[in-house]
Amino acid sequence: IFKKSLAIVLAALMLFSLCTVVAFAEGEATATVVRGDIPGCAWDNTKDENNAMTAEGTTFTKTFSEIAAGKYQFKVFEVGKGDEGWHGRGKDNVIIDVTEASDLTITYDSATGDITVSGTKVTEVKNSIEIENMFAVGDGDEAWLNGVSWDPASEKNKMTEKDGVYTITYKGVVADQYQVKFVANGDKTAWEIQWGTEEGAEEGVAVKGSNPDSIKFKVESKTGYGDVTLTFDATKLNKEDGTGATYKIDVVEGEKPEEPTTVPETTEAVEVTTTATEADTTATEPEGDTTSTEATEADTTATQAEGDTTATEADTTATQAEGDTTATQAEGDTTATQAEGDTTATEADTTATEADTTATEEQVPVVPGFYVVGSKEALGDKDEC
């Protein structure tokens, strides 16, 4: 009878142990473990079997031997409880500093939620939250978050600070549902210091944690657009655990953002310059008493509208029968003068300059001096006249 009773007891113990192992592996029973980056640990369940805590009433303990020097983070996790099973410093990890190789003992009281660490060369690093700047981070789209999605250090979403209160406004946000978190210090600490919310949290209470839930809100507007102002108030922040901060999201009627204005390409007026070349220069008088001067390399002719004067290549001096007009061409500067003083035509607007008139290559100069002009009969038929 004794042997039978002992066999039954042993069989029951073995069955109980087997059930416990199976339940632990499947996460169906509650077991308390250490998860983190301590050597031998992991943040998932892959090393839970080695890091199960020993229970004594409501107290759970786990000792690690000869932990190498370094800084480590961990949380206590109750298997089978999902997100509610994580325990640390509020929502943050417990951070320890091991200055020399040392044993480490972690104690968790499930009745109070307290966690303690001990070891000859182990100290806990207390949080001291220092905010240098604050960024709005979320599912950016178009005007919302300036189109930047989940970037904890975008300068486009850096909030403006005044007396510990941070604000930023987005205009013309399309009516829809959005998400946002508040992340401190940008690239310096990335996602280490952030606030959001959690299930059951009071609206407006900013919940700090290693990965809090996003704050969700809606933009509802008759125009289809809203102006959204975010406010994060850190004036009552507890720098040890990150509690005490609040947030506010204000949405008012907005307008559709103006479309970017495309500036058409300007077409500059091109000044057309008529250049008198060596081969062709023409000056025209405006009043119908017209003198045209065509200058070629060896030919210059000045013709008046009245048809009474011709300047030849050899002479370049045109003499009118009535003595009232003289056309003189001198080195690219041509002047036609009528006796009545009514019209003057000059090549290329009175003076042919270097920019728009090229003087003929073989210009016959006028010999300077005084000349007697008249008919041969009046002057005694003198050939030298």
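Here are some short exercises on strands and a few residues in this model, each with a worked solution.

Keep in mind that the model is predicted, so local features need pLDDT of at least 70 and side-chain atom pairs pLDDT 80 or more, while totals for chains, interfaces and linings use all residues. Residue numbers start from 1 along each chain as its sequence is written, and side-chain values use heavy atoms, with hydrogens and water left out.

**Exercise 1. Work out the strand order of the open sheet that contains strands 2, 3, 7 and 8, and name its edges.**

Step 1: Get the terms straight. Strands are DSSP runs of E with at least two residues, numbered from the N terminus, and two strands pair if DSSP finds at least two bridges between them.

Step 2: Lay out the sheet. Its four strands run in the order 2-3-7-8, with antiparallel pairing. Strand 2 (54–56) and strand 8 (115–118) are the edges, each pairing on one side only. From one strand to the next, the twist averages 20 degrees (axes are lines fitted to C-alpha atoms, and angles run from 0 to 180 degrees between N-to-C directions).

Step 3: Look at what flanks strand 7 (residues 102–109). Strand 3 (residues 59–67) pairs with strand 7 over seven bridges, antiparallel, and strand 8 pairs with strand 7 over four, again antiparallel.

Step 4: Pick out a few partners. Ile106 is the bridge partner of Lys62 and also stands opposite Val117 in strand 8. Thr105 has Ser118 as its bridge partner in strand 8.

Step 5: Check the turn. The hairpin of strands 7 and 8 has five residues between the strands, and there Gly113 takes a positive phi near 85 degrees.

**Exercise 2. Sort the side chains of strand 7 by face: which are buried and which are not?**

Step 1: Fix the cut-offs. Buried means under 20% relative accessible area, exposed over 50%, and partly exposed in between (1.4 Å probe, protein chains only).

Step 2: Read along the strand. Ser102, Leu104, Ile106 and Tyr108 point to one face and are buried. Asp103, Thr105, Thr107 and Asp109 point to the other face and are not buried.

**Exercise 3. Place Asp227 and decide whether it is buried or exposed.**

Step 1: Find the strand. Asp227 sits in strand 18 (residues 225–233), which pairs with strand 13 in the antiparallel sense over eight bridges. Tyr170 stands opposite Val228 of strand 18.

Step 2: Judge the accessibility. Asp227 counts as buried because its relative accessibility is 15%.

Step 3: See what surrounds it. Beyond neighbours within four places in sequence, Asp227 has contacts (heavy atoms within 4.5 Å) that include Tyr170, Lys171, Gly172 and Asp250. The Asp227 side chain reaches the backbone nitrogen of Gly172 at 3.0 Å.

Step 4: Follow strand 13 (residues 165–174) to strand 12 (residues 160–162): they pair antiparallel over three bridges. Thr160 has Thr167 as its bridge partner. Two residues separate the strands in this hairpin, and Asp163 in the turn has a positive phi of about 55 degrees.

**Exercise 4. Describe where Ser210 lies and what it touches.**

Step 1: Ser210 is in the loop between strand 16 (207–208) and strand 17 (215–218).

Step 2: At 36% relative accessibility, Ser210 is classed as partly exposed.

Step 3: Setting aside neighbours within four places in sequence, Ser210 contacts Lys75, Lys91, Asp92, Asn93, Trp191 and Gln194. The C-alpha atoms of Ser210 and Gln194 are 7.1 Å apart, with the residues 16 apart along the chain.

Key
Polar contact = N/O pair within 3.5 Å; in protein donor to acceptor, adjacent residues only side chain to side chain.
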